[in-house]
Each structure stands twice: as C-alpha cells, then as structure tokens.
Amino acid sequence: MGEDVTEYIGIAADEPKRLLRLNDRKISLLAKYGYTEAMAKELCVKHNLLSPIYRMDTRGGCWFCPNAKISSLSRLRKLHPNLWQELEELSHTPNLCSTGFKYGLTLQEVALKIDKFDKRQKEIMEIREKQLTLFPELDPPTPGGGAM
C-alpha cells in the first residue's frame, strides 16, 4: 500500500497475541481506546452493526465484514438476502478505500466461491442421506408406530 498509508485493524484491547502483530502502520483504535471484544460487540449491537451471523456462528464481525468465512457469507446470503443486496450495492460505491475481501476477491468473485461452497454442502447432504438408507432398521419410527 505504500509507506504513507496507515491501516486501522479491528483488534481488541484484550487480544494481546494479535496486538503483537501491529506496527507503526497498523494501528488498532479498539486497543488505543481500551475496547475489549465484549465492548466492541456491545457497541456494534447499539448501532445495529452486529451481523445476524452471530445468532448461528461464534464469530462474524459486522455483517459486511470483508474477513468473514465463506460459510458465514453463505448463511448471510441465504438467510438475509436484504443485507446481501445491500452489500452488492455497496460494492459499486465509487472511491472505496477497499474493494476486496481477505481472499483478494471482489464481491462477485466471493459470490462464485459461495456458489461452489453451497453446491458442495448440498452434495455432502445427499451423500449423508444415501448413507442413512443403507441401514433402514436404524431409521426413526414413523408417527403412528408403523415401520416403513
């Protein structure tokens, strides 16, 4: 990025190992102002920035986080299409300071990665369903007590 650029990294005051990675050009405002992870989460909740991903995932950051895992972004796209649509609109904003995700990809390229991830998850579920039918005696009883 060049010598004259300062990166502001979202590392909390209670993340000492991660803070050690910072230098003159990488600064954590959370640490500078003494914000812990819990305090940062509380602040995000207060300003409606906390990702709905937190309801089903341990970590997700803001719903528009460029560092989110593909699995988290997949859930966001499926369960919150309105937020995904907003993310698509934001990706076309002129003069963005960053246009990529941690993978170095655009939102459109991330969407293709999500498509591949979703397809693979579907294939895995189909394989599991086929495996379960190998042992019909282990199938749960049907309502009414009769076997199928």
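# Exercises on a predicted model

Of the 148 residues of the protein chain, 20% count as buried; buried means under 20% relative accessible area, exposed over 50%, and partly exposed in between (1.4 Å probe, protein chains only). This is a predicted model: local features need pLDDT of at least 70, side-chain atom pairs count only at pLDDT 80 or more, and totals for chains, interfaces and linings use all residues. Residues are numbered from 1 along each chain as its sequence is written, and side-chain values use heavy atoms, with hydrogens and water left out.

## Exercise 1: The layout

Task: State how many helices and strands the protein chain has, and give their pattern.

Solution. Step 1: Helices (H or I, at least four residues) and strands (E, at least two) are DSSP runs, numbered from the N terminus. Step 2: Count them. The protein chain has 6 helices and 2 strands. Step 3: Read along the sequence. The pattern is β-α-β-α-α-α-α-α.

## Exercise 2: Salt bridges

Task: Find how many salt bridges the whole structure has, then examine R18 with E15.

Solution. Step 1: Recall the principle. Side chains of opposite charge can pair when their charged atoms come close. Step 2: Apply the cut-off. A salt bridge is a side-chain nitrogen of Lys or Arg within 4 Å of a carboxyl oxygen of Asp or Glu. Step 3: Search the whole structure. There are 5 salt bridges. Step 4: Take R18 and E15. Their closest N and O atoms are 2.8 Å apart. Step 5: Check accessibility. R18 is partly exposed, at 26%, whereas E15 is buried, at 10%.

## Exercise 3: Between helices and within one

Task: Locate the salt bridges R77 to D118 and E123 to R120 in the helices.

Solution. Step 1: Start with R77 and D118. They meet in a salt bridge of 3.3 Å, N to O. R77 lies in helix α4 (residues 70-79) and D118 in helix α6 (residues 107-132), so the pair ties together parts that are 41 residues apart in sequence. R77 is partly exposed, with 21% relative accessibility. D118 is buried, with 19%. Step 2: Turn to E123 and R120. Here the N to O distance is 3.4 Å. Both residues lie in helix α6, 3 residues apart, about one turn of the helix. Step 3: Follow shared partners. Salt bridges join R77, K78, D115 and D118 into one network.

## Exercise 4: The nonpolar core

Task: Describe the largest nonpolar core and say which helices supply it.

Solution. Step 1: Define it. A nonpolar core is a set of buried Ala, Val, Leu, Ile, Met, Phe, Trp, Tyr and Cys residues joined through side-chain atoms within 4.5 Å. Step 2: Count. The largest has 14 residues, and those with the most contacts inside it include L73, W84 and F101. Step 3: Assign helices. α4, α5 (81-90) and α6 each supply at least two residues of this core. The largest share, 4 residues, comes from α6.

## Exercise 5: Two packed helices

Task: Work out how α4 and α5 are oriented to each other.

Solution. Step 1: Fit the axes. Axes are lines fitted to C-alpha atoms, for helices over the stretch in contact, and angles run from 0 to 180 degrees between N-to-C directions. Step 2: Read the values. The angle is about 110°, and the axes are 5 Å apart. Step 3: Classify. Angles under 35 degrees count as roughly parallel, over 145 as roughly antiparallel, 65 to 115 as roughly perpendicular and the rest as oblique. Therefore α4 and α5 are roughly perpendicular to each other. Step 4: List the residues in contact (heavy atoms within 4.5 Å). α4 brings L73, L76, R77, K78 and L79, and α5 brings P81, L83 and W84.
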